[in-house]
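Dear colleague,

I am passing on the structure we spoke about, and I would be glad if you could look it over alongside the notes below.

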Amino acid sequence: MNVAILGAGAFGTALACALGHAQLWARDAEHAAEIARTRRNTRRLPGVDLPETVTVTHDLTTIDAEILLLAMPMQQMRGFLREHADFLAPRILVACSKGVDMELLIGPVGVIEQALPGTQAALLTGPSFAADIARGLPTALTIAARDAELAETLQTRLSTENLRLYRNTDVTGAELGGALKNVIAIAAGMVIGAGLGESARAALMARGYAEMQRLALALGAETETLAGLSGFGDLVLTCGSEKSRNFRYGMALGADADFNAGTTVEGAATARAVARLARERGVDMPITRMVAAVLDGMLTLTEAKGALLARPLTLE
Ligand SMILES: NC(=O)C1=CN([C@@H]2O[C@H](COP(=O)(O)OP(=O)(O)OC[C@H]3O[C@@H](n4cnc5c(N)ncnc54)[C@H](O)[C@@H]3O)[C@@H](O)[C@H]2O)C=CC1
Ligand SMILES: O=C(CO)COP(=O)(O)O
């Protein structure tokens with residue numbers, strides 16, 4: 001089965017490099033032409049050459065693929081699916097986004113299922129920086145689909161020598177792990193940026209993981225999934241590295257420094273969406289709530305820190 005990647009950002013470009021034989025679609029015609037001419041995506045993934053076997057296009061009608069990887073920011077996905085419904089619906093759609101839709105309060109596979117009922121949908125998620133994947137460094141990811149056969153088909157088709165996929169049918173767990181870790185990564189970045197120390201970051205990661213599990217359980221996910229690549233694995237990567245945009249964004253907020261507004265920071269929208277979702281479901285998620293409150297200017301970082309530390313002492 002042929003594969004095309006829709007979305008020529010950092011991650012879409014990296015996946016095209018890893019897969020080798022693939023079509024890469026960019027929504028901006030000028031950007032597509034630039035990548036095709038230079039064989040580089042300087043705007044989003046500098047320093048990486050595209051293999052000759054990757055073709056670049058801006059024209060969806062030239063795409064000849066049964067499997068489409070959707071590699072765009074989470075909040076753009078609903079509109080994209082609506083705009084190109086006729087083209088997308090008959091194919092297998094693999095969401096590569098991490099987040100929760102701000103209006104529907106569901107993850108990327110849920111958004112596909114709602115927009116295009118009956119379409120085969122899956123999620124590719126887990127710990128991976130685009131730059132690492134593009135350079136062929138060893139990476140392990142989760143491919144999640146409710147249909148076990150589809151998960152297995154995609155696992156076989158999309159795994160490569162250096163990109164190892166594990167399959168899972170717990171789509172909700174995989175969606176939540178990838179979305180929620182970004183919120184905790186912003187908080188971890190704030191802690192480091194504000195000089196609160198690495199012990200505080202470790203505490204925040206562990207308590208953040210506890211609230212990730214609480215929400216996941218309340219929404220019917222399996223705790224094993226949260227303990228895997230898409231949850232714990234990605235939490236460790238994103239909270240521990242300045243390569244992460246979510247972590248760097250948090251650091252800038254913590255240090256009161258500037259941050260490039262054009263950067264994709266999925267955890268910002270997700271924090272707001274999840275704070276609402278948790279309230280509606282009666283799930284206690286104090287760190288996520290504090291991140292949302294700081295981002296919305298309702299609390300200062302110092303006030304958020306004080307509120308977290310002043311919570312009643314409790315069992316772990
Ligand atoms: N960069 C990374 O290391 C990784 C990113 N991801 C996920 O991949 C998703 C995309 O992130 P990146 O590629 O890094 O972002 P990016 O900021 O590098 O690129 C986003 C791309 O999406 C395109 N886009 C925006 N709105 C669109 C729309 N309405 N229709 C079509 N295309 C649209 C933009 O033109 C841009 O090319 C995010 O959900 C992110 O969490 C997942 C794993 C690793
Ligand atoms: O999802 C990622 C790593 O798995 C990329 O993280 P950032 O979006 O924070 O850069």
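The notes that follow take up the ligand, two annotated residues and one helix.

Please keep in mind throughout that this is a predicted model.

Around ligand 1 there are 25 residues, of which G9, A10, F11, S97 and T264 come nearest. The elements that give two or more residues to this shell are α1 (10-19) and α3 (74-83), and the largest share, four residues, comes from α3. Sorted by class, the shell has eleven nonpolar, nine polar and five charged residues.

In UniProt, an unreviewed entry places the feature "binding site" at F11, R27, K98, A130, R245 and E266. F11, which lies in helix α1, is buried, because 26 other C-beta atoms lie within 10 Å and 20 or more are enough to count as buried. Leaving aside neighbours within four places in sequence, F11 is in contact with A71, C96 and A130. R245 lies in helix α12 (residues 245-255) and is likewise buried, with 22 other C-beta atoms within 10 Å; with the neighbours within four places in sequence left aside, R245 is in contact with T263, T264 and V265.

Helix α7 (residues 148-158) has A151, L154 and L158 as its buried residues. Seen down the axis of α7, these buried residues fall within an arc of 70°, and therefore they line one face of the helix. A148, E149 and T156 are exposed on the other side of α7, while the cover over its buried residues includes β7 (92-95), β8 (121-125), β9 (139-144) and β10 (163-168).

With best wishes

Terms used: Residues numbered from 1 in each chain as written. Chains lettered and ligands numbered in written order. Predicted model: local features only at pLDDT ≥ 70, side-chain atom pairs only at ≥ 80, totals over all residues. Buried ≥ 20, exposed ≤ 12 C-beta atoms within 10 Å, placed from the backbone. Arc of directions from axis to C-beta. Contact = placed C-beta atoms within 7 Å. Near = placed C-beta within 6 Å. Nonpolar A, V, L, I, M, F, W, Y, C, P; charged D, E, K, R; others polar. UniProt positions renumbered as here; feature names shortened; annotations may be inferred.
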